[in-house]
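Colleague: Hi, have you got a few minutes to walk me through this model? I'd like to go through it bit by bit.

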Amino acid sequence: MRAVDIIQKKRDNIVLPDDEIKFLLDSYLQGKVPDYQISAFCMAVYFNGMTAGELKTFTEVMMNSGDLIEFPGIKKFLIDKHSTGGVGDKTTISLAPVFASFNIGTAKLSGRGLGHTGGTIDKFESIPGFTFPETKDALISLVNKTGIGIMGYSDKIVPLDKKLYSLRDVTATVPSIPLIASSIMSKKLAVHADGIILDVKVGSGAFMKDIETAGKLAEAMLEIGTGFGRKVVIVLSDMDQPLGNAVGNSNEVLEAVETLSGKGPSDFTELVETLAAIGLMLKGDVPDIDGGKELVWRNLKAGKAHEHLKNFVEACGGDSSFVDDLSLKIAPDVVDVVSDNDGFVNSIETESIGKAAMILGAGRAAKDDVIDHSVGVVLMKKKGSTVKKGDVIAKVYHNNKSKLESVNMIKSAYKISGNKTEPGKIILDIIRNF
Ligand code: URA
């Protein structure tokens with residue numbers, strides 16, 4: 001078998017047999033096929049796509065390229081909730097303890113932020129003393145102890161994705177539905193949770209800018225999950241404005257804690273309630289999402305998830321006192337971003353808000369940048385809000401790095417006019433395979 005013949009077939013839209021896909025990917029992982037041939041292959045996939053059969057095999061080879069994580073002996077129903085990434089997305093920090101309070105375990109790998117999007121790993125690391133488990137055994141033990149198992153991606157799990165993703169990043173082949181679907185699903189399938197919930201973000205702060213493309217990605221991932229006999233629910237959710245109000249690290253953790261008491265922003269609360277209700281439905285505790293949401297809301301009002309968040313933080317070596325007194329460090333210097341005119345907030349260019357937080361130091365432009373957990377942005381006005389000239393639309397918490405640039409970016413991200421605008425829905429669609 002020769003890589004060039006396989007590339008040629010993909011170029012000419014000829015369906016690839018399983019053994020050729022396996023040969024190409026395995027040889028690439030072993031360093032026997034060079035980057036330039038895989039780049040050409042990815043570009044051919046970008047233009048010609050993959051059949052459902054090709055995609056299943058491609059995902060399977062990716063998944064099996066490293067360790068698989070199973071949870072033998074854990075009696076809990078385990079869920080892996082994954083988001084495709086956005087701005088202000090602190091969902092896991094609230095959702096995992098809510099799941100735990102319903103006796104649902106969390107088993108997942110999370111990422112760090114890169115570019116304009118934040119990452120769950122960075123957000124938890126705002127907590128003094130907190131460190132994530134680094135091995136599969138430590139993850140399993142954390143699930144056993146606290147019901148919440150989260151760790152960062154490691155080189156040992158789906159190493160092929162890491163190699164392929166870096167290559168796609170520099171060859172303009174990231175935005176390909178089969179390549180994104182296989183990249184995400186191979187990492188989900190490598191961790192053996194009982195149910196997978198995928199939160200596909202749609203809008204100006206997301207990978208998928210429009211609902212049609214997001215729907216196609218969702219269908220492709222659902223089909224892969226079905227092919228592997230896994231229960232999958234996909235939520236398409238709005239990322240046409242930041243999720244909640246806080247964008248940063250420490251400030252997002254605090255907003256997630258407030259949400260556990262039912263005092264969080266309405267869009268974020270609605271997302272957490274919906275995802276938690278889906279978890280209850282996956283587990284078989286409720287017949288539908290509406291029934292589940294009612295239970296979750298009562299749980300939040302009663303503050304039942306706090307203890308579970310504290311247990312998890314303590315098991316990871318962190319100081320959990322912030323859960324009671326919201327004492328995480330926030331940068332003391334604040335600049336108000338004010339509106340220049342009267343009107344309604346028509347839209348918020350979300351990627352710019354993410355970038356504004358990043359240049360303050362809340363995110364990384366390059367992989368090895370060190371982040372400042374205390375800085376960030378808090379939105380005071382969201383889509384549909386009425387604004388008067390001089391009103392504060394956002395607050396910038398800074399340590400004097402790029403504060404003016406950040407303020408200007410936020411100001412230009414807000415489109416304010418006399419046209420009345422609805423706030424918009426957070427949940428855009430839900431599809432599932434069971
Ligand atoms: N997230 C992933 O994990 N992979 C992609 O290809 C795109 C987003």
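Modeller: Happy to! First a term: helices (H or I, at least four residues) and strands (E, at least two) are DSSP runs, numbered from the N terminus. This is a predicted model, in which local features need pLDDT of at least 70 and side-chain atom pairs count only at pLDDT 80 or more, while totals for chains, interfaces and linings use all residues. Residues are numbered from 1 along each chain as its sequence is written, and side-chain values use heavy atoms, with hydrogens and water left out.

Colleague: Thanks! Where is Lys-401?

Modeller: Lys-401 sits in the loop between strand 11 (392-398) and helix 17 (403-413).

Colleague: And is Lys-401 buried or exposed, or partly exposed?

Modeller: Lys-401 is partly exposed, with a relative accessible area of 46%. Buried means under 20% relative accessible area, exposed over 50%, and partly exposed in between (1.4 Å probe, protein chains only).

Colleague: How far apart in space are Lys-401 and Gly-361?

Modeller: They are 7.2 Å apart, C-alpha to C-alpha, with their positions 40 residues apart in sequence.

Colleague: New topic: which residues are around the ligand?

Modeller: Tyr-165, Arg-168, Ile-180, Ser-183, Ile-184, Lys-187 and Phe-207. A residue is counted there if one of its heavy atoms lies within 4 Å of the ligand.

Colleague: Which element gives the most to that shell?

Modeller: Helix 9, with 4 residues.

Colleague: What polar contacts does the ligand have with Ser-183 and Lys-187?

Modeller: A polar contact is a pair of N or O atoms within 3.5 Å; within protein, one must be able to donate a hydrogen and the other to accept it, and residues adjacent in sequence count only if both atoms are side-chain atoms. For Ser-183, a polar side-chain atom lies 2.6 Å from a ligand nitrogen. Lys-187 has a polar side-chain atom 2.5 Å from a ligand oxygen. Arg-168 joins in too, with a side-chain N or O atom 2.9 Å from an oxygen of the ligand.

Colleague: Any odd backbone spots to look at?

Modeller: Most residues other than glycine have a negative phi. Asn-13 is not a glycine, yet has a positive phi of about 65 degrees; Asn-13 lies in the loop between helix 1 (3-11) and helix 2 (18-29). Leu-326 also has a positive phi, about 50 degrees, without being a glycine.

Colleague: Where is Leu-326 found?

Modeller: In the loop between helix 15 (322-325) and strand 7 (333-338). Leu-326 is partly exposed, at 35% relative accessible area.
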